Amino acid sequence: MTLASVFPHPIIQGPTAGGNNTPAQVAAVSNAGALGSLACSLLSPTAIREQTAQIRALTDHPFCLNFFVLQTPDPSPEEVEQAKAWLQPVWSSLGWAELPTPAKWCEDFSAQFETLLALRPAVASFTFGILSAEQIRRLHDAGVFVIGTITHVEEALAWERRGADAVIASGVESGGHRGTFIGAQEEATLTTFELLPLVVAAVTIPVISAGGIMDGADIKRALDGGAQAVQMGTAFLVSDESGIHPAYKQRLLAAGNHPTRLTRTFSGRYARGLENRFMQLMAANELLLPPYPVQNALTSPIRAEAARRGETELMSLWCGTGVARVRPMPAAKLVETLLAEISAT
Ligand SMILES: Cc1cc2nc3c(=O)[nH]c(=O)nc-3n(C[C@H](O)[C@H](O)[C@H](O)COP(=O)(O)O)c2cc1C
């Protein structure tokens, strides 16, 4: 099946968990003929149902629900105490006497998956892991088009063998978390346009290119390189419907040459964002910190307090290397602009 038979224009608004991609944004993109995606990984089943209902009230077009494939961890009390101690330079700088232990480490993926099946969106995409062939079969039985995120060829082949309908080939320029699930995250370093031809040559299912794609010329280059569509995260973070914190949006709009970098300090999984004081305070122990989602849950109250204070130096400012080229406008207008640029290129 081609992607064009699922949604007309070759643009996916990337799901942005924690970047607050709203139902209004998803619907605006889908109504414009591209594919809007809702990041569901941090949402409870009830919230997923509510937000999906909000999308459906705004559009009849296909949209995508997106999930992290995760197992709920069970860290020992000693590991948790050690991780809190490593975070002390950050939480004590907020004037706190201690860091609270979260009530839970993450949402239960199997409950989210059952919710997804019941909701039957046109498309579902996944990252951080791979579904079983049985889970993919159940999604297909529910009429859902299944997309896996990959960072190297072996992962693309794994999703294809399991029965996925398409893969998102995410280059190292991408904003947010690396999706790597085979091998070390720090070894998945291929750029978007290094990765694309390798994946196109390796699999027969459609390939979606992601990472640093900011305008119509970038999209054209990806399509010419064999991609059937692109996925853009950073470009949509500054759209009018994006729900990100105003101070975060301001940092993106003013990013210029400010460096982005991959860090595991916020969440325990490598993710790309604007370099800031949080990363510097945590750099010494970066490689020792517990893996996602434990570190992510532990830093959640810190990030929430920093957001409350508008203190961007302690917030996660996820974005890709293309951030200097963001253009604030309504999401539908961005889709329209990109399509005009593709035609003009
Ligand atoms: C703030 C932020 C949050 C993200 N959250 C998710 C997510 O929840 N699920 C996912 O599959 N990809 C996520 N991504 C990746 C995007 O969907 C997209 O693939 C990526 O941003 C593409 O690179 P670009 O930012 O250079 O456009 C996120 C990216 C950003 C910037």
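This is a short tour of one predicted model, moving from a helix and its neighbours to a strand residue and then to some backbone details.

**Stop 1: helix 14**

Start by selecting residues 331–344, which form helix 14. From the first C-alpha to the last, its 14 residues reach 20 Å, close to the 20 Å expected at 1.5 Å a residue.

Now colour the helix by burial. Which residues of helix 14 are buried? They are Ala331, Leu334, Val335, Thr337, Leu338 and Ile342. Look down the axis and you will find that these buried residues lie on the same side of helix 14, because they cover an arc of only 165° around the axis. It helps to recall that an α-helix has 3.6 residues a turn, so residues three or four places apart point the same way. Turn to the other side of helix 14 and you meet Glu336, Ser343 and Ala344, which are exposed.

What covers the buried residues of helix 14? Show the surrounding elements: the cover includes strand 1 (11–13), helix 1 (23–31), helix 9 (216–224), strand 9 (229–232) and helix 10 (234–237).

**Stop 2: helix 1 against helix 14**

Keep helix 14 on screen and add helix 1, one of the elements in that cover. Two packed helices are described by the angle between their axes and the distance between the axes. For helix 1 and helix 14, the axes come within 8 Å and cross at roughly 35°, and the crossing is right-handed.

To see the contact itself, display side chains for Gln25, Ala28 and Val29 in helix 1, which meet Ala331, Ala332 and Val335 in helix 14. By class, this contact has five nonpolar residues, one polar and no charged. Two of the helix 14 residues here may look familiar: Ala331 and Val335 were among the buried ones at the previous stop.

**Stop 3: helix 1 against helix 2**

Hide helix 14 and bring in helix 2, residues 45–58. How do helix 1 and helix 2 cross, left-handed or right-handed? The crossing is right-handed, with axes that come within 9 Å and an angle of roughly 40°.

On the helix 1 side, select Pro23, Ala24, Val26, Ala27 and Asn31; on the helix 2 side, select Gln51, Gln54, Ile55 and Leu58. Together, the residues of this contact divide into six nonpolar, three polar and no charged.

**Stop 4: Ala271**

Next, jump to strand 11 (residues 271–274) and pick Ala271. This residue is buried, with a relative accessible area of 0%. Leaving aside residues up to four places away in sequence, Ala271 touches Gly176, His177, Arg178, Arg261, Leu262, Thr263 and Trp318. If you like a distance check, pick the C-alpha atoms of Ala271 and Met232: they are 16 Å apart in space, for residues 39 apart in sequence.

**Stop 5: backbone details**

Where is the cis peptide bond that leads into Pro293? Zoom in on the bond from Tyr292 to Pro293, where omega is near 5°. Pro293 sits in the loop between helix 12 (277–282) and helix 13 (294–309).

Then go to Arg120, in the loop between helix 5 (109–119) and strand 4 (123–127). Its phi is near 45°, a positive value in a residue other than glycine.

Finish at Phe128, in the loop between strand 4 and helix 6 (133–141). Phe128 also has a positive phi, about 75°, although it is not a glycine. Is Phe128 buried or exposed? Phe128 counts as buried because its relative accessibility is 7%, and the cut-off for buried is under 20%.

Definitions and conventions. Residues numbered from 1 in each chain as written. Predicted model: local features only at pLDDT ≥ 70, side-chain atom pairs only at ≥ 80, totals over all residues. Heavy atoms only, no water. Helix = DSSP H or I, 4+ residues; strand = E, 2+ residues; numbered from the N terminus. Expected span 1.5 Å × (residues − 1). Buried < 20%, exposed > 50% of the residue type's maximum accessible area, 1.4 Å probe, protein only. Arc of directions from axis to C-beta. Contact = heavy atoms within 4.5 Å. Axes fitted to C-alpha atoms, helices over the stretch in contact; angles between N-to-C directions. Left-handed = near helix turned anticlockwise from the far one by under 90°. Nonpolar A, V, L, I, M, F, W, Y, C, P; charged D, E, K, R; others polar.
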